[in-house]
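Subject: Structure handover and findings

Hello,

Here is the structure to take over from me. The sequence and coordinates come first, and my notes on what was found follow.

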Amino acid sequence: ARKLLAQVNLKLQRPDVAAQVLAPIEQSNTDDPQLSALLGVTKLRRGEIATGLEMLQRSVARQPDNMELKHDLALAYLAADRREEAIEVLESMPAGSARRDSLLIPALASAKDPATARARVDQIVAASSDDIALLNTAATFYAGIADYEAARNVVKRALQIDPRSFITLATLAGVESAAGRSDDALSAALRAAEIDPANQAAQLLVAELANRKGDVGLAIDHLEELRAKNPDAVQARVVQARAYMQQRKDKEADVLLEEIMPHAAGNPEVASALGELYLDSGRFHEALRWFRDAARRDSDPTWLLNVARAQLALGDAQVARETLQKLSASHPDSIPVAVQLIQLDLRENRKEAASARLARMRSAHPRNPQLANIQGDIFMSSKSYASAAAAYEEAAKLAPSSAIPLRTYQARRLGKLANPARSLTNWLERSPNDVPVR
């Protein structure tokens with residue numbers, strides 16, 4: 001009965017309650033592989049990555065033919081950014097399963113051999129004739145390696161199966177946005193909203209993309225319509241408040257912030273979103289208040305990481321460091337926590353500490369693009385421009401984005417290296433409509 005109740009709470013996104021339900025039987029049933037797996041998933045959802053992984057590994061070792069356990073273990077490896085191990089587990093499962101392949105494709109995004117990974121995804125796509133969700137996952141993979149034409153081709157296949165699919169049109173909007181084609185991205189989102197006017201996610205997508213494109217009027221029109229049809233649409237208020245803040249319409253934004261507050265009082269996600277709005281508007285004390293409220297209500301390390309961000313914004317570097325060190329002790333494998341600490345080390349000119357911390361993390365996560373990128377930042381801080389350029393180029397191979405070519409250009413220019421604009425021209429060949437880079 002306890003296992004069933006814990007499973008229900010996990011489905012309701014309440015891992016803390018699931019942990020409380022399982023606590024009385026956690027020590028007395030250590031030989032039960034199903035309980036061990038359930039405990040492992042619960043601990044993962046609570047951010048206890050190392051302990052959760054260990055439990056799932058034991059469960060799979062006891063039942064190597066249990067595909068459900070292997071699926072959970074692969075998810076755990078992905079959560080811990082241990083993608084090579086996730087690939088190994090997934091490849092040991094029977095081929096042809098869309099559920100398996102939907103995890104295998106994102107795992108392959110950071111594989112050691114990009115060419116082999118690309119070929120493997122091509123094989124999966126060729127064998128997936130009518131699975132829309134899998135085709136969308138593949139399109140996201142191709143966009144992630146900046147092969148936007150391949151991503152569009154896969155999206156076209158998905159739209160031929162279901163021209164009215166919101167998930168496919170949303171994927172197309174994401175592909176075009178990543179490619180720097182903001183008009184095409186917004187057009188795809190508008191198509192989704194026209195097909196299903198009652199779809200809140202479609203209206204929010206239009207508003208987000210219109211706001212990003214600078215068409216704040218269009219964004220607000222869609223948000224007002226959404227709020228009129230759905231008086232409790234909290235996310236619409238969040239997006240609209242952000243749009244007003246960008247226009248410096250503080251009074252209008254404050255009205256929406258007041259409307260969001262009652263929803264934030266018992267919801268850590270909404271409290272955190274409210275904190276982000278205050279942080280972006282420079283109201284750091286209010287941001288800290290709501291981030292702390294989220295952290296008190298839920299064990300997700302993201303909330304406490306946000307607390308540290310607000311503390312830094314207030315200039316309380318020592319207090320922020322204490323918060324981050326507490327987080328690092330409980331979540332030693334957390335890349336966002338490590339990155340925040342490294343950035344704080346650099347800010348306080350603790351370059352040796354930053355380098356040592358980064359070396360530990362890169363040893364555990366050698367193919368993480370965020371860590372490769374911050375490696376470049378460390379080299380930049382010591383004016384080792386050639387090494388910085390090499391680190392940024394490595395990050396670009398792992399996860400292409402328009403920000404990295406700009407950093408590479410800066411490093412090569414400051415280091416007086418040959419052809420400093422090479423990274424920019426290479427990126428524009430892939431993304432000719434990227435206006436900031438051009």
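Which residues of the largest nonpolar core touch the most other members? Please keep in mind throughout that this is a predicted model. The residues in question are Leu 108, Val 121 and Tyr 142, in a core of 70 residues. Helix 9 supplies the largest share of this core, 8 residues. There is also a second, separate core of 29 residues, which includes Leu 256, Tyr 278, Val 307 and Ala 310.

Around Leu 108

Leaving aside neighbours within four places in sequence, Leu 108 is in contact with Ile 87, Ala 117, Arg 120, Val 121 and Phe 141. Of these partners, Ala 117 sits in helix 8 (residues 114-127). Ala 117 counts as buried because its relative accessibility is 2%, the cut-off for that label being under 20%. With the same exclusion of sequence neighbours, Ala 117 is in contact with Leu 108, Ala 111 and Phe 141. Over a longer range, Ala 117 and Glu 393 are 276 residues apart along the chain, and their C-alpha atoms are separated by 19 Å.

Helix 7 and helix 9

Helix 7 covers residues 98-108 and helix 9 covers residues 132-144. Their axes come within 9 Å and cross at roughly 5°. Angles under 35 degrees count as roughly parallel, and the two helices are therefore described as roughly parallel to each other. On the helix 7 side the contact is made by Ala 98, Asp 101, Ser 102, Ile 105, Pro 106 and Leu 108. On the helix 9 side it is made by Leu 134, Thr 137, Ala 138 and Phe 141. By type, the residues of this contact divide into 7 nonpolar, 2 polar and 1 charged.

Aromatic pair

How many aromatic pairs does a search of the whole structure find? The search finds 1. The pair is formed by Phe 141 and Tyr 142, with 5.6 Å centre to centre and 75° between the planes. The geometry is edge-to-face, a label that applies to planes over 60 degrees apart. Both Phe 141 and Tyr 142 are buried.

Helix 21 and helix 23

A second helix pair has its axes within 11 Å, again crossing at roughly 5°: helix 21 and helix 23 (residues 369-381). Helix 21 and helix 23 are therefore also roughly parallel to each other. From helix 21, Ile 335, Val 339, Ile 342, Gln 343 and Leu 346 take part. They meet Gln 370, Leu 371, Ile 374, Ile 378 and Ser 381 of helix 23. This contact divides into 7 nonpolar, 3 polar and no charged residues.

Helix 17

Ser 272 is found in helix 17 (residues 268-280), and Ala 271 has its place in helix 17 as well. Is Ser 272 buried or exposed? Ser 272 is buried, with a relative accessible area of 5%. For Ala 271 the value is 0%, so Ala 271 is buried too. Not counting residues up to four places away in sequence, Ala 271 touches Ala 264, Trp 290, Asp 293 and Ala 294. On the same basis, Ser 272 is in contact with Phe 291, Ala 294, Trp 303 and Asn 306. Ala 271 and Pro 432 are 161 residues apart along the chain, with 39 Å between their C-alpha atoms.

Positive phi

Two residues other than glycine are listed here for their backbone angle. Ala 146 has a phi near 65° and lies in the loop between helix 9 and helix 10 (148-161). Asn 349 has a positive phi of about 65° and lies in the loop between helix 21 (335-347) and helix 22 (351-364). Ala 146 is buried, with a relative accessible area of 7%, whereas Asn 349 counts as exposed at 56% relative accessibility.

Helix 4

One last item concerns Glu 54, which is in helix 4 (residues 49-62). Glu 54 counts as partly exposed because its relative accessibility is 45%. Glu 54 and Ala 76 are 22 residues apart in sequence and 9.8 Å apart in space, C-alpha to C-alpha.

Regards

Key: Residues are numbered from 1 along each chain as its sequence is written. This is a predicted model: local features need pLDDT of at least 70, side-chain atom pairs count only at pLDDT 80 or more; totals for chains, interfaces and linings use all residues. Side-chain values use heavy atoms; hydrogens and water are left out. Axes are lines fitted to C-alpha atoms, for helices over the stretch in contact, and angles run from 0 to 180 degrees between N-to-C directions. Helices (H or I, at least four residues) and strands (E, at least two) are DSSP runs, numbered from the N terminus. Angles under 35 degrees count as roughly parallel, over 145 as roughly antiparallel, 65 to 115 as roughly perpendicular and the rest as oblique. Contact means heavy atoms within 4.5 Å. Ala, Val, Leu, Ile, Met, Phe, Trp, Tyr, Cys and Pro count as nonpolar, Asp, Glu, Lys and Arg as charged, and the others, Gly among them, as polar. Buried means under 20% relative accessible area, exposed over 50%, partly exposed in between (1.4 Å probe, protein chains only). A nonpolar core is a set of buried Ala, Val, Leu, Ile, Met, Phe, Trp, Tyr and Cys residues joined through side-chain atoms within 4.5 Å. Rings of Phe, Tyr and Trp (its six-membered ring) pair if their centres lie within 6.5 Å; planes under 30 degrees apart count as stacked, over 60 as edge-to-face and the rest as tilted.
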